[in-house]
Amino acid sequence: MQKRRLGTLLLVACLILTAIPAALGAQSTKVVTVAGDGSGDYNCDGKADDVQINQALEFAAQNSGTTVHLKGPFTYDISDSLRIGSNTVLEGDSGTKIKLAKGLPVWGGRESSISEKKAMLMVRGSSASSVTIKNIVVDGSQSDYYSGVRLGTSCYNMATIVNCNGLTIQDVTFQNGCNDAMLISKSSNVMIDSVTVNKCGHDGIYAYHVNGITVKNCNFINRTNSSVRFDSVTDGVMKDNECTTSGGGYAGLELQGTLKNIEASGNYFHDLSAPAVVHLNTNETGVNIHDNRIENCG
């Protein structure tokens, strides 16, 4: 009888412990796979692959903590924005590329507001938190399909992230774009780490009204504007990056607006047509630029 009672108590205890994570609202750690070879949870054919990727991202939005994994090597054709929700990771294998599709109507334009600057990567809905993008190549198709688009005219951004608290972009290559690689606005707690920007059409990173952003270990090859632009930023760090040019472009770090607690150190600025660091109509408090290597800059 004692053994039976003890067994019953142990069973009840196990059931209670099993229920605790759900009661506490524990997040999912599920991984869903998008593939181009038929092996994924969502399967693409190289045409309008944003449909299946957004289906996976919709699942992730409904299941907090989900990772959407893009299987590679494969090039995913993107004819509409990929919308990433809160507590979601979008990642890829080696050789995973998302590429802007051919023949799309104009996205954005000079007269559009920041929130209207449609891009390949955006947040789901009006805001998001805890978003991670890593290990993919983002190809803006400028030289392939949009060579007639004038660079820097706010068309076809590669990423426009607005109203995001907690954004990490890591080990991502942005290449061959018509406008900004990453336009980040009204956001906080942003980490950009080990990113390559190769010939975008405007700024590599344009941070506008951002509170807390670190850009580190990145490589920027300018062709139209600046590697990094901090405009009305508080608590901004730019460190240990390399900034150069493919033959055009502007500064390594462009500072604008009201700036508080900005540090730029350990960067290598070279062969830029403008000064390594440019101050345009700034109101600065606690801006500290030191220990950077500067060679052959205008």
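**Aromatic pairs, a buried methionine and a parallel strand**

Tyr76 is a buried residue, with a relative accessible area of 0%, and it offers a starting point for reading this structure, which is a predicted model. The ring of Tyr76 forms an aromatic pair with that of Phe74, and the two are arranged edge-to-face, with 4.7 Å from centre to centre and 70 degrees between the planes. The count of aromatic pairs comes to five.

Another of these pairs joins two residues that follow one another in sequence, Tyr145 and Tyr146, whose ring centres are 6.4 Å apart. Ring centres must lie within 6.5 Å to pair, and planes over 60 degrees apart count as edge-to-face, so the 80 degrees between the planes of Tyr145 and Tyr146 makes this pair edge-to-face. The surroundings of the two tyrosines can be read from their accessibility: Tyr145 is partly exposed, with a relative accessible area of 37%, whereas Tyr146 counts as buried at 6%. Both tyrosines belong to a cluster, in which ring pairs link them with Trp107 and Tyr156.

Aromatic faces also meet arginine side chains in this model. Arg229 lies over the face of Tyr206, at 3.9 Å from the ring centre, and Arg293 lies over the face of Tyr268, at 4.1 Å from the ring centre.

Strand E18, which covers residues 228-239, contains Met238. Because buried means under 20% relative accessible area, Met238 counts as buried at its value of 0%. With neighbours within four places in sequence left aside, the residues in contact with Met238 include Val215, Val228, Cys243, Gly252 and Leu253, and also Glu263, Ala264, Ser265, Asn267 and Phe269. The C-alpha atom of Met238 is separated by 9.5 Å from that of Ile192, a residue 46 places away along the chain.

A last stop is strand E3, residues 67-70, where the side chains are divided between two directions: Thr67 and His69 point one way, Val68 and Leu70 point the other way, and all are buried. Strand E3 has pairing partners in E1 (residues 31-35), with which it pairs in the parallel sense over four bridges, and in E6 (residues 88-92), again in the parallel sense over four bridges. Individual bridges can be followed in the model, since Thr67 of E3 is the bridge partner of Val31, while Leu70 has Gly92 as its bridge partner in E6.

Terms used: Residues are numbered from 1 along each chain as its sequence is written. Side-chain values use heavy atoms; hydrogens and water are left out. Rings of Phe, Tyr and Trp (its six-membered ring) pair if their centres lie within 6.5 Å; planes under 30 degrees apart count as stacked, over 60 as edge-to-face and the rest as tilted. Buried means under 20% relative accessible area, exposed over 50%, partly exposed in between (1.4 Å probe, protein chains only). A charge sits over a ring if NZ of Lys or CZ of Arg is within 6 Å of the ring centre and within 35 degrees of the ring normal. Contact means heavy atoms within 4.5 Å. Two strands pair if DSSP finds at least two bridges between them.
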